[in-house]
Amino acid sequence: MKDYIKIDEWKIIEEGFDPHHNKISESIFSLGNGRMGQRANFEEAYSGETLPGNYVAGVYYNDKTRVGWWKNGYPEYFSKVLNAANWIGIDILIDGEQLDLAKCEVSHFRRELNMKAGYLQRNFEAKNSAGKIVEVEAIRFCSMTDDEAGAVKYTITPKNFSGALTVTPFIDGDVVNQDANYDEKFWDEVAKECWEGGCYVQMRTKKTGFDVATGMQFRVLQNGQEIKPAGEVIQKEKYAGTKIQVQAKQNEPVTIIKYAANLSSQNYKVDELVTNLKATLTRVNGKGFDTMLTEQAAAWAEKWKHNDVVIEGDASAQQAIRFNIFQLNQTYTGEDDRLNIGPKGFTGEKYGGVTYWDTEAYCVPFYLSTAEQKVTKNLLLYRYKQLDKAYENAAMLGFGNGAALYPMVSINGIECHNEWEITFEELHRNGAIAYAIFNYVRYTGDEPYLVDYGLEVLIGIARFWSQRVSWSAQRNKYVMLGITGPNEYENNVNNNWYTNTLASWCMQYTIQIMEKVKTTDADKYKQLLTKLNFNEEQETEKFNNIIENMYYPYDEQHKVFMQQDGYLDKEQLLVKDLPAADRPLNQKWSWDRILRSCFIKQADVLQGIYFFEDKYDLDTIRRNFDFYEPRTVHESSLSPCLHAILAAKLGDEARAYEFYLRTSRLDLDDYNNDTEDGCHITSMAGTWMSVVEGFGGMRVRDGKLSFQPFLPGKWISFSFHVGFRGSLLNVKVSKQGVQIKNLSAIETTVLIKDKEYAVTANSEIVIA
Ligand code: BGC
């Protein structure tokens with residue numbers, strides 16, 4: 001745990017240069033615009049500890065899997081959203097000596113992420129080995145308006161000398177992934193070119209064949225006046241830049257403005273990439289840095305209008321929630337149904353930038369409430385478009401007849417995990433995808449989605465479950481063997497309660513949606529059944545039979561759902577009895593010891609109770625919460641938020657708040673000592689859920705938003721925005737009660753503590 005980030009309601013601030021924090025800060029201060037993103041690496045050279053990272057959404061490499069002993073069914077490769085060309089780079093020489101903070105005396109260092117306006121600023125003063133002092137201010141952003149473009153304004157001022165300053169703005173495609181399985185480079189150069197004031201490098205990914213053209217156009221100003229010094233073109237393999245000599249004068253700033261763009265062959269024909277890249281560079285250069293920055297602030301203001309959460313009376317909590325929302329908006333904007341949300345977004349290499357169940361189980365609720373409907377719809381369509389691959393994944397494992405098994409880890413629909421027992425056997429992801437469809441339709445009322453896409457996915461998923469269960473003559477029930485639940489601290493278990501419950505629900509929901517579609521659009525329904533070769537009578541009978549006869553492990557003594565058949569065979573210990581030196585278990589204990597222990601990595605039975613809470617009375621929820629919470633170590637970032645929501649539901653306000661703190665400042669305070677790998681982007685959606693669904697108690701009930709709010713003791717008030725079926729609401733909870741402002745022209749009805757209220761267009765209600 002660290003606490004070097006300064007508290008500010010709209011900014012993330014680091015003061016003073018501590019190289020030990022650099023990789024952590026590179027993650028925290030990351031930038032992105034949904035189309036591309038980058039870690040907060042320095043523009044100038046840095047020979048200290050750093051993880052360089054520039055990422056282009058959807059551009060990946062298939063890195064051959066590395067396993068000791070190959071078995072049938074192992075994925076051939078792990079897909080990685082790969083480190084792409086560095087477009088921020090500006091090399092600086094002061095009288096021939098390279099500016100490198102690892103080799104300078106650094107003072108007045110300040111890094112600031114302005115979340116309100118969406119840019120990163122860095123200021124410092126550095127003294128090199130020759131005693132020459134420069135002051136630097138660097139501002140940069142990934143444009144939300146021109147999402148293929150970004151800009152850097154880098155100002156360097158000699159403080160105690162006049163002399164030769166050499167600046168080289170460049171594009172460098174000669175980059176590596178630190179997590180490459182075989183230390184290979186993933187890019188080949190295709191072309192490069194330099195012209196007056198600019199250049200580009202076009203690279204192609206090996207194996208996957210994505211082309212990305214990365215270019216820049218720059219300007220140089222001295223003391224505020226543009227200068228046009230003759231530049232020397234530098235071209236090396238995968239690299240292009242222009243070296244410029246400036247006779248710098250003491251206290252006269254030299255500014256390099258660099259406009260950059262990344263265009264990929266996902267969106268352009270390869271032979272049209274460069275023309276379009278040059279056009280983009282000309283356009284943004286024409287706009288100018290200040291206009292781009294103004295547009296950036298306006299784009300962010302628009303985002304905040306729809307999703308700001310305001311907490312009065314707790315600046316640290318305020319900063320944290322905004323940071324979570326900011327990063328989510330930087331990661332995914334929902335413009336493109338080929339893109340998804342990697343657990344680390346654009347902030348690091350871990351998890352390869354690919355899609356996990358995190359999207360459906362955690363991110364969907366956030367985007368449903370804070371973005372236009374199409375944003376979540378695109379997340380759903382992403383899976384719809386990969387349905388063929390889900391059939392293939394299932395077929396590879398021996399399932400047939402249109403069974404669909406979505407991958408646990410994937411970018412292109414093909415399973416690419418690299419840990420069989422843990423990741424592969426987490427079949428529950430298939431259920432999360434069905435649950436997201438349910439959640440989307442429940443929230444938006446978009447029933448046509450079910451007709452056009454949803455039902456097809458549901459049938460594939462239901463068919464998979466109906467084949468994956470097996471009949472136990474001994475129990476006289478359907479069972480599910482060889483499973484890993486969300487709790488990855490026990491693998492290959494039998495009858496994971498959550499998975500059995502989810503599988504049954506998927507089949508039940510599929511039958512329900514079949515009935516609905518049959519009545520709303522009989523023709524399309526018939527066409528779909530024909531397309532899928534679905535034998536309605538036989539297959540629904542099979543689903544119903546499984547639903548009625550599914551086995552759910554239950555413990556009579558504790559009166560709780562049993563996480564899996566063998567859970568109570570384990571020695572029952574509590575987390576509070578674990579010595580601090582043993583935590584986190586995944587860094588201190590052997591894997592064997594973890595698997596034998598009763599300690600739970602993340603919500604598992606409680607994940608099921610969260611999904612299907614209406615099925616359980618409060619006593620059942622309380623008994624299960626009281627049993628599982630003390631055994632949960634929360635070593636997945638996805639865990640505390642669900643416990644916060646359930647604690648809030650049970651009226652345990654203190655614990656709800658405690659879990660909230662744990663999730664919301666996870667990265668800012670480097671709680672798990674792993675922020676240097678990247679930020680926990682998908683769990684940030686969980687943070688938002690713990691405020692809105694936890695403290696706000698928001699649920700959808702019969703097509704209406706319902707709130708059961710409480711105010712954490714430390715706060716004066718909190719408020720959040722939610723969009724719902726065309727209306728935009730601001731919900732404020734304070735000691736005075738609940739105020740709901742309808743900021744839209746659409747009347748809506750809400751429930752507050754189970755009573756219905758109409759909120760007419762552009763009006764507000766206050767309920768004490
Ligand atoms: C969690 C998984 C999650 C993955 C990616 C793991 O540590 O246990 O549930 O999908 O991280 O966030």
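This is a guided tour of one chain, from the whole fold to two helix pairs, with stops at a sheet, a buried strand and a single threonine.

**The whole chain**

Begin with everything displayed, bearing in mind that this is a predicted model. The chain has 20 helices and 34 strands. Its radius of gyration is 27 Å, close to the 27 Å that the globule rule gives for 768 residues, so the chain is as compact as a globular protein of that length. Aligned along the principal axes, the C-alpha atoms fill a box of roughly 85 × 60 × 55 Å. If you colour by accessibility, buried residues make up 63% of the 768 residues. Among the contacts with a separation of 6 or more, 68% are between residues 24 or more positions apart.

**An open sheet**

Next, select the 5 strands of the open sheet, which follow the order E9-E8-E14-E20-E19 with antiparallel pairing. Strand E9 (97-98) and strand E19 (231-236) stand at the edges, and each has a single partner strand, so one side of each is left without a neighbour in the sheet. Now keep E19 and its partner, strand E20 (residues 239-248), in view: the two run antiparallel and are joined by 6 bridges. To find one of these pairings, select Val233, whose bridge partner in E20 is Thr242.

**A buried strand and its neighbours**

Move on to strand E21 (residues 254-264), where 11 of the 11 residues are buried, so the strand is largely enclosed by the rest of the structure. In a regular strand the side chains alternate between the two faces of the sheet. Showing the side chains here, you will find Val254, Ile256, Lys258, Ala260, Asn262 and Ser264 pointing one way from E21, while Thr255, Ile257, Tyr259, Ala261 and Leu263 point the other way, and all of them are buried.

Add strand E13 (residues 149-158), which runs antiparallel to E21 and is joined to it by 8 bridges; here Lys153 stands opposite Ile257. Then add strand E17 (residues 211-222), which pairs with E21 in the antiparallel sense over 11 bridges, and in which Gly215 has Ala261 of E21 as its bridge partner.

**Thr376 and the helix pair around it**

Select Thr376, which lies in helix H6 (residues 373-385) and is buried, with a relative accessible area of 0%. Leaving aside residues up to four places away in sequence, Thr376 touches Val364, Tyr367, Leu368 and Tyr440.

Now show helix H5 (residues 358-370) beside H6; the two pack at an angle of about 155°, with their axes 8 Å apart, which makes H5 roughly antiparallel to H6. On the H5 side the contact is made by Thr359, Glu360, Val364, Tyr367 and Leu368, and on the H6 side by Val375, Thr376, Leu379, Leu380 and Arg383. By class, this contact of H5 with H6 has 6 nonpolar, 2 polar and 2 charged residues.

**A second helix pair**

For the last stop, select helix H18 (residues 639-649) and helix H20 (residues 681-695), which pack at an angle of about 5° with their axes 8 Å apart. H18 and H20 are therefore roughly parallel to each other. From H18, show Cys641, Leu642, Ala644, Ile645 and Ala648, which meet Gly686, Thr687, Met689, Ser690, Glu693, Gly694 and Phe695 in H20. The residues of this contact of H18 with H20 divide into 7 nonpolar, 4 polar and 1 charged.

Methods: Residues are numbered from 1 along each chain as its sequence is written. This is a predicted model: local features need pLDDT of at least 70, side-chain atom pairs count only at pLDDT 80 or more; totals for chains, interfaces and linings use all residues. Side-chain values use heavy atoms; hydrogens and water are left out. Axes are lines fitted to C-alpha atoms, for helices over the stretch in contact, and angles run from 0 to 180 degrees between N-to-C directions. Helices (H or I, at least four residues) and strands (E, at least two) are DSSP runs, numbered from the N terminus. Angles under 35 degrees count as roughly parallel, over 145 as roughly antiparallel, 65 to 115 as roughly perpendicular and the rest as oblique. Contact means heavy atoms within 4.5 Å. Ala, Val, Leu, Ile, Met, Phe, Trp, Tyr, Cys and Pro count as nonpolar, Asp, Glu, Lys and Arg as charged, and the others, Gly among them, as polar. Two strands pair if DSSP finds at least two bridges between them. Buried means under 20% relative accessible area, exposed over 50%, partly exposed in between (1.4 Å probe, protein chains only). The radius of gyration is taken over C-alpha atoms; the globule rule is 2.2 Å times the number of residues to the power 0.38.
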